[in-house]
Amino acid sequence: MFIKNAWYVAATSEEIAEKPLARTVCNQKLVFFRNVAGKVTALEDFCPHRGAPLSLGFVRDGNIVCGYHGLAISDQGKCAGMPGQRVGGFPSIKRFAVEEKYGFIWLWAADAETADVSKLPVLTWADSDNWAYGGGLYHIGCDYRLMIDNLMDLTHETYVHSSSIGQPEIEDAPPQTVVEGDMVVTSRHMHNIAPPPFWANALRLNELDPTALCDRWQICRFTPPSHVMIEVGVAYAGRGGYEADDAIKASSVVVDFITPETDSSIWYFWGMARKFKVNDAALTATIREGQGRIFAEDQEMLESQQRNLLANPERKLLKLNIDSGGVQARKVIDRLIAAETK
Ligand code: FES
Ligand SMILES: [Fe+2]
């Protein structure tokens, strides 16, 4: 079950070039391509002639041409021509609303007529020269809510990411969760600790002392339908922590757009936005590589967890205090889905 009246990240801008892109979002098979003006279109990936996937075709003059018998479909989903046929009476296919913003292609999962551009998230880090961003895309075989649970409870870092961002002090600092309307915020603050390897390195890259004792924070914000932005960082201990001056901290925003593909698989758009050394492209690449390695560790755990859950659907699971961020996020999702379906 997915929230439908919402924008999901379906692709990055670079993914939609000359060739059509096939991508399933919320169980809907779609084809993405650009029209003559370069605007991205999303149609159902289904040729009205004999049902071939349009994504196996090609783009010509801003239309998508079916790779089976050459039926051309416009960016509005209308049949625009076919060799030797009059297409006037052919049925149109379903078109979905898409917006290209912040380097991503956003898909409205409900009917195109209901699309509400004002509901697109506002991403200050994506719109500002004071921030640098690097990220990637993983396809993961798990229910999107398992990934939300994962990101709203970073206790797992100590175990899953022990060599990079994990450290035992995480468990000693209980998280606080608050719900603000449709947003769920889970925060954890650690004080007077040695930075773990990833953060020691970030301090070094920011020309700060990697051996200094630090205050560390993780502030996870879930917003519907399935986005989790996490403010993370370290600052020299006792200098204000999260509120400390930028000159004595290394901090960033972990960006997670979790787009359901099917009931048990996701397109996971991950990245990191940072405010230090923003013009250093090599640093962006280094951070991206490190983050990609860390998130691959989650992939293995989540896919194994999903297989276990599918094999044991009757098993009841525990809910501990560390799970409250994910539990509250699921409540928001359930409430919004119920409101859409009543
Ligand atoms: S199936 Fe697409 S043109 Fe025939
Ligand atoms: Fe993780």
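How much area do domain 1 and domain 2 bury between them, and what percentage of it is on carbon and sulfur atoms? Hold that thought for a moment, everyone, while I set the scene. What you have in front of you is a predicted model.

The domain assignment splits the protein chain into domain 1, residues 7–119, and domain 2, residues 125–340. To the contact between them, domain 1 brings 15 residues and domain 2 brings 17. If you look at the C-alpha centres of the two domains, they sit 33 Å apart.

Now back to my opening question. Domain 1 and domain 2 bury about 1,200 Å² between them, and 67% of that is on carbon and sulfur atoms. What about charge pairing across the boundary? The count of salt bridges between domain 1 and domain 2 is 0. Polar contacts are another story: 6 residue pairs make them across this interface, with both partners at pLDDT 80 or more.

Let's turn to the side of domain 1 that touches domain 2. Three strands, β1 (7–12), β2 (21–25) and β11 (104–108), each supply at least two residues there. The biggest giver is β1, with 6 residues. Sorted by class, that side of domain 1 holds 10 nonpolar, 3 polar and 2 charged residues.

Stepping back to the whole protein chain, we have 6 helices and 18 strands. The radius of gyration is 22 Å, close to the 20 Å from the globule rule for 342 residues, so the chain is as compact as a globular protein of that length. For those of you setting up a box, the C-alpha trace spans about 75 × 50 × 35 Å along its principal axes.

So where do salt bridges turn up? The count comes to 12. One I'd like to show you joins the side chains of Glu100 and Arg34, with 3.0 Å from N to O. Glu100 belongs to strand β10 (residues 98–101) and Arg34 to strand β3 (residues 28–34), so this pair ties together parts that are 66 residues apart in sequence. As a general reminder, side chains of opposite charge can pair when their charged atoms come close.

Two backbone details before I hand over. First, the peptide bond from Pro224 to Pro225 is cis, its omega near 0 degrees. You'll find Pro225 in the loop between β15 (214–223) and β16 (227–236). Second, Asn27 has a positive phi, about 70 degrees, although it is not a glycine. Asn27 is in a loop too, between β2 and β3.

Thanks for listening, and over to you!

Methods
Residues are numbered from 1 along each chain as its sequence is written. Chains are lettered from A and ligands numbered from 1 in the order in which they are written. Side-chain values use heavy atoms; hydrogens and water are left out. Domain bounds come from an automatic or database domain assignment. Contact means heavy atoms within 4.5 Å. Buried area is the accessible area (1.4 Å probe) that two parts lose on being put together, summed over both. A salt bridge is a side-chain nitrogen of Lys or Arg within 4 Å of a carboxyl oxygen of Asp or Glu. A polar contact is a pair of N or O atoms within 3.5 Å; within protein, one must be able to donate a hydrogen and the other to accept it, and residues adjacent in sequence count only if both atoms are side-chain atoms. Helices (H or I, at least four residues) and strands (E, at least two) are DSSP runs, numbered from the N terminus. Ala, Val, Leu, Ile, Met, Phe, Trp, Tyr, Cys and Pro count as nonpolar, Asp, Glu, Lys and Arg as charged, and the others, Gly among them, as polar. The radius of gyration is taken over C-alpha atoms; the globule rule is 2.2 Å times the number of residues to the power 0.38.
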